[in-house]
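Visitor: I'd like a close look at one spot in this protein rather than the full tour. Could you pick a single residue, walk me through its surroundings, and then step back a little?

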Amino acid sequence: MNFRSIVTVGLSLCLVLGSSGNSYAAADGTAGTDYEGHWAQKQINRWLEQGWLTGFADGSVKPDQEISRAEFVTLINRCFEITDGRKAAVFSDLPKTSWAYGEFSKAIGAGYIEGYEGAVRPNAPVTRQEAAMIIFRLMKFETPAQEALSQFSDSDQIASWSRSEVTAAVNAGAMKGYPDGRFAPAKALTRAEAVSLLDNFTIPVGGGMPDATVTTPAVLGASDPTAIRDYKNVTISTYGVTLQNLLIHGDLLLDEAIGGGEVTLTNVEVKGKVIVHGADSVHLKDSALKQIIVQKKNGTARLVAEGSTLVTSVSAQSGVELEEGGGAGAGFTEINLPAGLPAGIAVTLSGIFGAGNIEAKGSVLHLKKGSVSTLNVAAAAAGLKVELDQGTTVTRAILNAATNVTGAGRVLAATVNEGAKGSSFANKPASLDGSQKDSITISAALPAVASSGGSNGSNGDSGSTGGNTTTPAALPLISGITVTQGPENMYTNSAAVLLNFEGLSPDIRAAADHPGYYFTAAAEAVPNPVNVYTRHLPDMSVRFSFPVSPEHLKDYMTIILYDRSNKAIGYNVVKLDLSAKYAVLNEQAIRFTSGVGITRDVRDGLIRDRIAVDGEWIAQHPEAKFYSYIANTQLPYITNAARDFNIKHVSSQILYLEQVTNDVYGISIESFADYAAPFYTVPDFQEQYMIVFYDDKMNVAGYYQGASVLTDQQAADTVAYKINQLPAAAALTLADKEAVNWTYGRYTGLTDAQKVLLEVTAANKIIALKAAADQL
């Protein structure tokens, strides 16, 4: 079946327009015959020109004559270019010698004709409900509920076999009732009415693609994602509309008539603009939109990007909330508040965003979750208020107008130009430049302990407490620990430091199992070995090189040594004076399949993963100058690593880098108890790691993605830990069922060799729990 000429329904045209409709002159200006002045003259002219409709021998068209089922099928085959007649039309009342046999064979093959108990009734007139059935099959409409039929006074006369099909046509705006309130399901179509109906679904060869207006709740588009339908412009004038599998070559208008309802776009590409005048909620799923212009007169529009959606630009000319709901797509890339808008326009962001360009005076930008790569504040944007919630970041802010930054989030780097004199920040940016950098005010001091820790959360130097760490009565000060930074360690978006233990005494070195460190804004009188933000390093190497995130560049670094039992044995404190440069990272990359090894150690209630970059691989890739890494479980909004974990997240969240030299080791340490979400939402203990490599100009050179390699004992130990977190079978409740099923899945996923290494009590417990859960 060739659907080149088919477009999906949604036009607010009536199936039967009635003889009292408008009159049209002939398209060529000449007098017609029996259809001159007819309400369908325009459509009849076009169909005659296209060869889809043929007249009778005397030159007449007979527009008001009833059309037979065979004639209706023939019109469909002609205008939709359905030519495959290989499917046999086996009907008791349709001999092979009939002129209509070939046409019905085509219709059977296309799937829009089935017949009645072995008959097809080729010479019977087509009724309205039969036409609805045929169009339903031809257009592949979705099956709806039947509430819409209650509007017709004769709804009880609509046959049961056609009620859903009539409803779909009515919901889509393709069929309407008569002025007296009847639907008239058994009324026969005339030739003119049939032409008018089918004309709604064809693309005029000479006149371009049609526009569409959706005025009743409906699904507009193909059910098959491979059968994309084309429109020029589409207008939605009611809520509860879904557009799916469409290509809109012009503009999409969400009309003010939608009111406060919801609209959904699934697999829709709009080459022009999407203009939002109505709708409180717009869901964008797996769609590609170049520009969205939000111009609501009342209320705030909420736009949610999901799946592979890419929105190149959003122009907020009224209040809007932009939310990235998860997926592999780039989501919203650029947000603009143009000049000339009324003061007080508010934009709320949740997700990972590229550039925010602010020109509107007195506007409000609220970052609830995630990050903004670059915030550009124009000179016209005086009085801008930027609200940053806990855990959010603006990588770089370029201010040309006075700006007030509030909240617990951080601006990592700020350029304060002449027009931005007197700008204020709740927290001082880690890096400041510009002619007015000394004019800023800080409205809230940093807390005594920086708030960037926790293995599940932030861009900071996260860590975990490492089991049952104990605090001695008096912790001795240990000499021989140095922290340095040389010119070669001043990396873009980071400050790498070298922690050196070469000066330790032999006795201290022999007693120490591993070091840990944390940061404070002011020097502590007494160190805290159980500080929740302590990062525990894996062993007692001579030196460690690692990045320090921007908020800690001028902080105090407390280094504590621990013995094998995690008892603190000594400490030192170093005042940092680090420097870092900043740049906006791009998101383009190729995937490397070798060169990186990830191994795991499970010990003392910690998962310790070591990332090793192979020296020979580095020699083969001289373009790789820097790298950053992260595990998907360190980003709390990642729920599906295969779908959601991508370069954008790493480039936007991991804003500090390490230098690639020979064999480079990075350490990720996680506590079993440190997941913010319920543990059974984490896909596996072998979480995905992404290592991104950058060249010396901070372009992404490529990335490696893979999971840590577990030994059989490590796999058994991680499953045993999760089993032991569950309640006893006797205490099981319905709320625990999902966690039990998740953990049982991990247990059954172990190999036979791994199950042998699992604690017997743990194995018995999960089997008993699964049996109890199945009874709930």
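Guide: Here is a walk around one aspartate, followed by its sheet, a helix and the chain as a whole.

Keep in mind that this is a predicted model. Our residue is D563, and you'll find it in the loop that links β28 (556-562) to β29 (568-575). What makes D563 worth a stop is that it is buried yet has no salt bridge. The nearest side chain of opposite charge belongs to K567, and that is 5.7 Å away. A salt bridge here would need a side-chain nitrogen of Lys or Arg within 4 Å of a carboxyl oxygen, so K567 at 5.7 Å doesn't make the cut.

So what does the side chain of D563 reach instead? One partner is the side chain of S565, with a polar contact at 2.9 Å. Another is K567 after all, but through its backbone: the D563 side chain comes to 2.8 Å from the backbone nitrogen of K567. Leaving aside residues up to four places away in sequence, D563 also touches A511, D513, H514 and I569.

H514 is a handy way into the sheet. Strand β25 covers residues 514-520 and runs antiparallel to β28, with seven bridges joining the two. Within that pairing, H514 stands opposite Y562 of β28. Zoom out and you get an open sheet of four strands, in the order β26-β25-β28-β29, with antiparallel pairing. β26 (535-536) and β29 are at the edges with a single partner strand each, so one side of each has no neighbour in the sheet. The D563 loop, then, leads between β28 and β29, and β29 is one of those edge strands.

For a helical view of burial, hop over to α3 (residues 101-110). Seven of its 10 residues are buried, so this helix is largely enclosed by the rest of the structure. The buried ones are Y101, E103, F104, S105, A107, I108 and A110. Part of their cover comes from α2 (69-79). Just past the end of α3, G111 takes a positive phi of about 85 degrees.

As for the backdrop, the protein chain has 14 helices and 37 strands. Of its 776 residues, 53% are buried. Take the contacts between residues at least 6 apart in sequence, and 53% of them join residues at least 24 apart. The accessible surface comes to about 31,600 Å², with 51% of it belonging to carbon and sulfur atoms.

Notes
Residues numbered from 1 in each chain as written. Predicted model: local features only at pLDDT ≥ 70, side-chain atom pairs only at ≥ 80, totals over all residues. Heavy atoms only, no water. Buried < 20%, exposed > 50% of the residue type's maximum accessible area, 1.4 Å probe, protein only. Lys, Arg positive; Asp, Glu negative; His and termini not counted. Polar contact = N/O pair within 3.5 Å; in protein donor to acceptor, adjacent residues only side chain to side chain. Contact = heavy atoms within 4.5 Å. Areas by Shrake-Rupley, 256 points an atom, 1.4 Å probe, with all protein chains shown as cover. Pairing = 2+ DSSP bridges.
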